[in-house]
Every structure is written in C-alpha cells, then in structure tokens.
Amino acid sequence: MGEAQVHTLSGSIESNSLLDLSPAFYSNNYLKLDYSYGRFSAGIQAEYYPNPLPGYDAGLKGIGLPGKYIAWTETYWNITAGDFYDQFGTGIIFRSWEDRNLGWNNSLGGGRVGFSTPGDVFSFKALGGFKRQFPWYSSRSLAGAEAALRFGGVSIEGSAVARMGDGSPSLWWSALASWNTGGFSARAEWVGKPGGNAQTLELGYGAGKFSATVTARRLQNMLDTFGMNYLPSLCMEQAYMLASLNPYTTFSDGEFGWSGDVYYSVKGWKFHVNGCWIWALPNALRNWDVMRMAYRDINIQVEKRWGRRLKTVAFVSIQENSPSHGDRKATNAQNVFVLDGLYRFPGKLSLRLQAQYLYSQELTRDWMAASADLSSVDGWSVHVQDMYNHGDTGEHYYEAGVSYTTGGFKADLAYGHQRSGMICSGGVCRWQPEYRGGILRLSYHF
Amino acid sequence: MKKIIVLAAALLLGITSLSAQDYLKVEIQTMDGGKTTPAEWVDHKTPYVVSFWFVTCKYCIEEMDAVSEVFEDWQAERPFRFIAVCTDDTRSLSKAKALARGRGWDGFEFYFDVNKELTRAMKVTSCPCVFLYDKNGRLVYSHLGYTPGDEEVLFEKIKAL
C-alpha cells in the first residue's frame, strides 16, 4: 500500500437494561475491541448478561468472551483463526451472523482461509469450526468451501458444507449464478440437502427513476437443526407498528412464493407498491394434495414533499395470514391504514406525527395507534406513543421517552408498556422486547 | 500511580486518534455483484461520507432523501463522495437496489454489506449512522440517528476540511 503502518484500535460498547415493574432487572451488555497493525488484526467481543432481556435465550446468563480472533490479510489471500462470521450464496446453505436486536449470534469458532486472483476473477474460501453456544462452543461443528468465478457482469458460485455432531455428517451443496447488465439483473440459486432442496430466482429492472424487482422461492424440507442457515420471510418487513403485528414467518417444511416491488419518483412524489403471495406445498401439509395459501399481502405507499418543511406519507397494507400455513381453511385478514407526517420548524426542531388504524374481524379485531416525536439537531429527542386494541382486549401499549445523541454516543431512556416489535425513536430503529417498566439503552463507538 | 494512569490514557488517545482503519480490508459487494474493499474509497483527493442504511430504516431513507435533494448544489460548492452502505441481508439486496434507483438517489455510490462484516468492523450499533472521512481516509466526524437538519451540520463539517 506504500503507507506507513500504524497501530489502530477501535471499539464499541452497548448496554440495554430493563427495570420491569414485576419487579425484575434485565441487562444485555457488549464490549467489542479490534486492533490492527499493517496486515495483522485481532479482536475480542465480551458479553455480560446479569439477567438477559425478556425474549432472549435464558442460557445467555453470565459473562463470557465468545468473540476472539486473529487474522492476517494479504492482497490476494487471508487467514483467520478464532471466532468469525461468514455466509455462502444467499445464506440458505450456510450463514453465521450476529443480530443483537434479535439476540442471535451463531458465530463459528475455528479457522478460515481465502484467496482470490487479481481482478477477483476467481476466488476460493474454506472454513471450519464449532458453533457458538454462550459462553463457549457447542459440540456441533461445520466445515465447508466456496468457489466463485466472475467475468463481465456474470458470476457463478458453488459451495458445499458438511454439518457434524448429530449422528452421521449431513452434506449440503449449492450453485448460484447472477447476471448484471445495464439496468437489468438476475440471480438464481439451487440448494440441496439430504431430503430437501430450495430454489430462488430474482429479477430486477431499473430505468431512470423507475425500478421493479421480483423474487420467487420454493423450499422443501429446509429446516436446519444446527441453526446455521438463513431462511428469511420473502414478504416485506413492515416498519409501521400495526402493520407488523402479525408478520409472516417462513414455513421451512415446504412453501412456494413470490414477492415483487415497484418504485417510482416524480416531482416530489415517491411511490412504492409491494405484493407477496406464499403457498404451502402439498407434501408439507397433512390433509391436502394441492398448494394452499399461507400468506399474502399488498402494500402501497405514497410520499409527497410539500415544499421544504413538510413531508407526508400515506400507507395501506392489506394482509391475509393462515396461522396453520394452509392446513386449515381459516385465515386472519387485516387492513392497516397509516398517515405519517414530518414537519421541520424554522430553527433546530422537527416534529413527526403518525396515526394508524388496523381493521380486522379476526384475532383481537381492531387496533388504533398514534405517535409523536419531537427532535432537535442538538441531539435531543422526546417521543410518546400509544397502541390501543379497542376491538377486543382494551389493552394499551404506550411509551414515553427521551434520547440524546452526540457523535458516536447515544442514550435512550423510556418508560412504558411495550408490545414486542420494531420501534423507531430519536432517529434510530431497533427491535424491542415486551416490557412494562423503564428501559435504558446506551451505546458508544470509537 | 497517577503518572501511569495519565500515560495509559495518553497512549489510548494516541492510538485512537489515528482512527480505526481496520475496516479498510473488509470485503463488500458492489452494485453489479462484484467485490471490493473500502480501501478503494481513499483517493487522496476527495473527502467521503459513509452512510449505513437498510430498506426498512425510515430515518435512514429520510436522511438519504435530504442529502439527495441538495447533493448537486453541494457538489458545486464543495465536492465530496457519498457512499451508501446497505446493511440488508441477501433477501433484501435486490429490493435495496430497486429502492435506491426508484427514490432517485443520483450521484451516490452504493455498496452492500450482506453479512454485516463492515458494519461490525466500523462498530455500527444502530442505523442511520454516518461517518465523515477526509481525503486521506482519516475519520473526522460521526453521527448516530437522523433529525432533519443533521445533513446541514454534516456539510458544514465537510466545508471545514
């Protein structure tokens, strides 16, 4: 690189604590440090859970050093020993990753080597290790390799993974091809495992300020008892409170589905239309020899900027979910309507207001929700919100809080009765567990 | 004892003030599916902003819209690169690409951190999260979250470089 080698140290601290009115105290704490000198790097992640937050694995209780690694990175090859994350293809065959908001961490403890040719025309990676089981490792291990060939806008990848620890080794394999040219893109993947397989096809097109993408996926018996693969829901992840009350989760026994998005902007208007339709495969169901609807939704969002100060969003989501994944005829239908506004006052303040309504004749029937968030460029923000089930339970889920952000530091203090779900406050979105009490979140990076 | 503490603090500050550059080696995806590393961003000519976002992050999208609306004017006043790093997994990859084009974010450079390797290396704990680097790749400013007007504070920092 021709530059002087320097010692560098970077790190982050994150602490999320809940004082529940029951009373009980819960807290998740993370410290991550990385050191680098030239081509050498090393790091640790320490975790401390005096009592893990509700919704997190109770086995996390205690203190540990589940992340530690050393690595050497040359221009065309690299080697890592210790705990690491990686992914092959789209992750259906293998993915190890961390998501603290979900309480998910399936890092591998072992080794990894990789090399590539100049221009990255050909690359190869091999890895192996034991799956994390806080604070140490489980007896389950995994070994795999991936090779990729790239030329022009075409990429061809192949991988194989062996899972060991539950009887005889289980061998999985995958093949992936992708093609990008101009505004058009396509990607196809086939994954096989003993007794199961999965196929994914993605197509995308864009021209000017118009774009569209569609993904189709078929899964048959793709559950991984190791918890080392990635089977996300194909449908849109909802950001609004009421639209995310009953999200769809992948039916790994067997499903076929598609999801499509269209985006378009013109003169201060922005449009987004999304649709998703999932069917359960007949051989994954007990009583049917035809595909049965498991989930479908249509989402329409229209945004309009009215001059420099005001922006409004109108959003509609029409959802129908089969809780039995199509095994029984009964479904739950719900229609969600949202009005969302952002007004910037002269000076430093901005106000966000939301009103939401969920109409349904099933489950807990109708809901309504509202929220207000006043924030300042100085870093301060206060918010209040309430989500009210007036159709059945009469329950309120409310929260009021204040947050402060400066540079890489953020503190967030809130009190309320919170239903588990995604919430945005002070400009940051994260997953929150259900609680009735006070929660303090602190994070800092350097 | 006091001397040792002062020395340790000075050493720590000395190291950290160099700013963390271990992220420069991390492999990320380009818009056309190829691979690169953030070392490519350091061209010794232009400062660059790195903004972490994901498809369902409302405030990330608000911030990118706000920068996009003034990006051309700001480029005329003080050129800088705006590098948008999408932290979505592979499921949302095609959606992220479509969203970026459909919202008219012209002039931005897009990269995809599908397994959050760069997100971890840069210690991003939540989004939106923005970093400003000078032309030599030295970190000069970072900010978590978004409130309308934050983009103007960012541009003042860019102009001060």
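This passage describes a predicted model, turning to the confidence of chain A, the sheet and helices of chain B, and the contacts between the two chains.

For chain A, the mean pLDDT is 91, and 96% of the residues of this chain reach 70 or more. An exception is found at residues 422–430 of chain A, over which pLDDT stays under 50, although the model has 39 contacts beyond four places in sequence for this stretch.

In chain B, an open sheet is formed by 7 strands, which follow the order β2-β1-β5-β4-β3-β6-β7 and pair in a mixed fashion. The edges of this sheet are occupied by β2 (35–36) and β7 (139–144) of chain B, each of which pairs on one side only. The edge strand β7(B) is joined to β6 (residues 129–133) of chain B by antiparallel pairing over 5 bridges, and within this pair of strands F131(B) stands opposite S142(B), a residue of β7(B).

Two helices of chain B lie across strands of the chain. Helix α2 (residues 58–77) of chain B lies across β3 (48–53) and β4 (81–86) of chain B, and runs at about 145° to β3(B). Helix α5 (residues 150–159) of chain B, in turn, lies across β3, β6 and β7 of chain B, its direction being at about 15° to β6(B).

Between the chains, 65 residues of chain A are in contact with 48 residues of chain B. On the side of chain A that touches chain B, the largest share, 7 residues, is contributed by strand β1 (residues 7–20) of chain A. By residue class, this side of chain A comprises 16 nonpolar, 33 polar and 16 charged residues.

Methods: Residues numbered from 1 in each chain as written. Chains lettered and ligands numbered in written order. Predicted model: local features only at pLDDT ≥ 70, side-chain atom pairs only at ≥ 80, totals over all residues. Pairing = 2+ DSSP bridges. Helix = DSSP H or I, 4+ residues; strand = E, 2+ residues; numbered from the N terminus. Contact = placed C-beta atoms within 7 Å. Axes fitted to C-alpha atoms, helices over the stretch in contact; angles between N-to-C directions. Nonpolar A, V, L, I, M, F, W, Y, C, P; charged D, E, K, R; others polar. pLDDT = per-residue confidence, 0-100.
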